[in-house]
Amino acid sequence: MKNKQFWFVVGSQHLYGPEVLETVAARAAEMAAKMNDSPLIPCAIVYKATVKTCEEITALMKEANYDDNCYGVITWCHTFSPSKMWINGLELLQKPWCHFATQYNRKIPNEEIDMDFMNLNQAAHGDREHGFIGARLRKPRKIVMGYWQDEGPLKELGLWMRSAVGVAESRSLKVCRFGDNMRNVAVTEGDKVEVQRKLDWQVNTWAVGDLVKEMNAITDAEIDALMAEYAQKYDMNTDKVENVRYQAREEIAMKRFLDRIGAKAFTNTFEDLYGMEQLPGLASQRLMEQGYGYGGEGDWKVSAMTRIVKAMTEGMGGGSAFMEDYTYHLKEGEEYSLGAHMLEVCPSVAADKPRIECHHLGIGMNEKDPARLVFEGKAGPAVVASLIDMGGRLRLIVQDIEAVKPIMDMPNLPVARVMWRAYPDLCTGAKMWILTGGAHHTVLSYDATAQMLEDWAEMMDIEYVHIGKETTMEGLKQQLLLADLAWKLK
Ligand code: MN
């Protein structure tokens, strides 16, 4: 994360003379250095320039667009910076933009303040001119306001940087589909051309037979080495060692295949396992743990979103997983949702050491009982997110949830599970989710917040719907109706 750069660009003008501009530049460099020391700032803030003319700004924005190390631009107005000179550059800017409304001094110095001080320290003045041009250009931008050494604004800035990392991930993402989507399912479908136009995802299919060929080339020594890692990281709760070894073979082969084609996300389906003995369970879980996106039943949208959320939240430590709403617990006053999948839940969300188990899987063409990791999910606040294709546009739906330690041990459930309460409450939340069209497949994340995903959706220019504590049915219906009209005009 620290290798990813955000350019700190300070707006000014020539009016004040060279001395003021030198002070501005020195302070901007000092601020960047100090902010980089904060644990709340995940990426590098690089002080780039104090800009004074239209030509300087235009050249800098062009450079930002073409520099792959630049993940976004943070602008700040120490002094007043007339905004007509920003128009050409901002119109060209294709990277995420944050307007950081802050000022160098925390307090108004009672004795010291005079007109020289006012000319140098006029963020309040400059921010409004800068804000106007953002609004006038209809340019999506994050606005962070507050003192640059305080926890609140630094946290907000840091999380926005993570969303911007998600933008860059989206712009270069390749999704490998092993086989097609599950037959007849609607919500896992989508317009792959539109998705590439809008989000830049390259979504393509490879034959399962090509993966099987890769699997056949894996040596016993490679499998032995991976089995040793399994033994160290997980409890081996099965004596079907050959089945586990088969998953190790699948893991190595899939990783090799994905890395060769440059894909960071993949899908498969139980309906197409031609030449394979087991649906990859443990193997898919392991790849997710290493940061790859995954979607079951050919669901490439959720696979890509899982990868993007993992990229955004790298190093945060809470965990993010492909998830599926399975079944409800509807005891009055004690309502919960139980999420799981037939095999593939990412162990990054496990509360304890996962167990490797082998069980019969009736669905699909499994010749052998597939090995999988079984565990309970952590307790704590989280979100579930679903990207759907509305026909002509994409909609990202995010719901706040509170994961709990499962209230029963469910000893005969042979898969990983997460239990949660949804906001505003389970039944109202489910009604809202259903009304909005959210899928049964989601990305569940203990790290990403609704705000981070909203920022990401805004930067990608797609519709965003949030279901949280304060959401009302009336408000949601109104929002969906108006969004339908607005997105037709866009
Ligand atoms: Mn599924």
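Arg138 sits in the loop between α5 (123–136) and β5, where helices (H or I, at least four residues) and strands (E, at least two) are DSSP runs numbered from the N terminus. With a relative accessible area of 67%, Arg138 is exposed; here buried means under 20% relative accessible area, exposed over 50% and partly exposed in between, with a 1.4 Å probe and protein chains only. The phi of Arg138 is near 55°, a positive value in a residue other than glycine. The model is a predicted one, in which local features need pLDDT of at least 70 and side-chain atom pairs count only at pLDDT 80 or more, while totals for chains, interfaces and linings use all residues. Residues are numbered from 1 along each chain as its sequence is written, and side-chain values use heavy atoms, with hydrogens and water left out.

A second residue invites a look at its backbone. Asp200, in the loop between α7 and β7 (202–206), has a positive phi of about 70° although it is not a glycine. Asp200 counts as partly exposed, at 27% relative accessibility. Backbone geometry is also of interest at Pro424, which is joined to Tyr423 by a cis peptide bond with omega of about -5°. Pro424 belongs to the loop between β17 (417–422) and α13 (426–436). For context, most residues other than glycine have a negative phi, and most peptide bonds are trans.

Asp200 appears again among the contacts of Ser170, a residue of helix α6. Leaving aside neighbours within four places in sequence, Ser170 is in contact (heavy atoms within 4.5 Å) with Leu199, Asp200, Trp201, Ile308, Trp456 and Met460. Ser170 counts as buried, at 0% relative accessibility. One of these partners, Ile308, is 138 residues away along the chain, yet the two C-alpha atoms are separated by 6.5 Å.

The manganese ion comes next. Its protein donors are Glu297 (OE), Glu324 (OE), His341 (NE2) and His441 (NE2), at 2.0 to 2.2 Å from the ion. Donors are N, O and S atoms within 2.8 Å of the metal (3.2 Å for Na, K and Ca); water is not among the atoms, so sites may look incomplete. Along the chain, the donors follow the spacing E-x26-E-x16-H-x99-H. Glu297 lies in the loop between β10 (293–295) and α12 (300–312) and Glu324 in strand β11 (residues 320–331), a pair that links distant parts of the chain, 27 residues apart. Both of these glutamates, Glu297 and Glu324, are buried.

Charged pairs are the next topic. The structure holds 29 salt bridges, each defined as a side-chain nitrogen of Lys or Arg within 4 Å of a carboxyl oxygen of Asp or Glu. One of them joins the side chains of Asp461 and Lys198 (3.1 Å, N to O). Asp461 lies in the loop between α14 (450–460) and β19 (463–467) and Lys198 in helix α7 (residues 192–199), so this pair ties together parts that are 263 residues apart in sequence. Asp461 is partly exposed, with a relative accessible area of 32%.

Another salt bridge brings together the side chains of Arg245 and Asp224 (2.9 Å, N to O). Because Arg245 lies in helix α10 and Asp224 in helix α9 (residues 220–233), the pair ties together parts that are 21 residues apart in sequence. Arg245 counts as buried at 16% relative accessibility, whereas Asp224 is partly exposed with a relative accessible area of 42%. Salt bridges also link Glu229, Lys233, Glu251, Arg286 and Glu289 in a network.

Arg355 pairs with Glu357 in a further salt bridge, the closest N and O atoms being 2.7 Å apart. Arg355 counts as partly exposed at 31% relative accessibility, and Glu357 as buried at 10%. Glu357 is also in contact with Thr238, whose contacts beyond four places in sequence are Val244, Ile356, Glu357 and Cys358. Thr238 is placed in the loop between β8 (235–236) and α10 (241–261), and counts as buried at 19% relative accessibility. The side chain of Thr238 reaches the backbone nitrogen of Lys240 at 3.0 Å.

Finally, there is Gly146, in the loop between β5 (142–145) and α6 (151–171). Gly146 counts as buried at 18% relative accessibility. Leaving aside neighbours within four places in sequence, Gly146 is in contact with Phe100, Ala101, Thr102 and Pro153.

Definitions and conventions
Polar contact = N/O pair within 3.5 Å; in protein donor to acceptor, adjacent residues only side chain to side chain.
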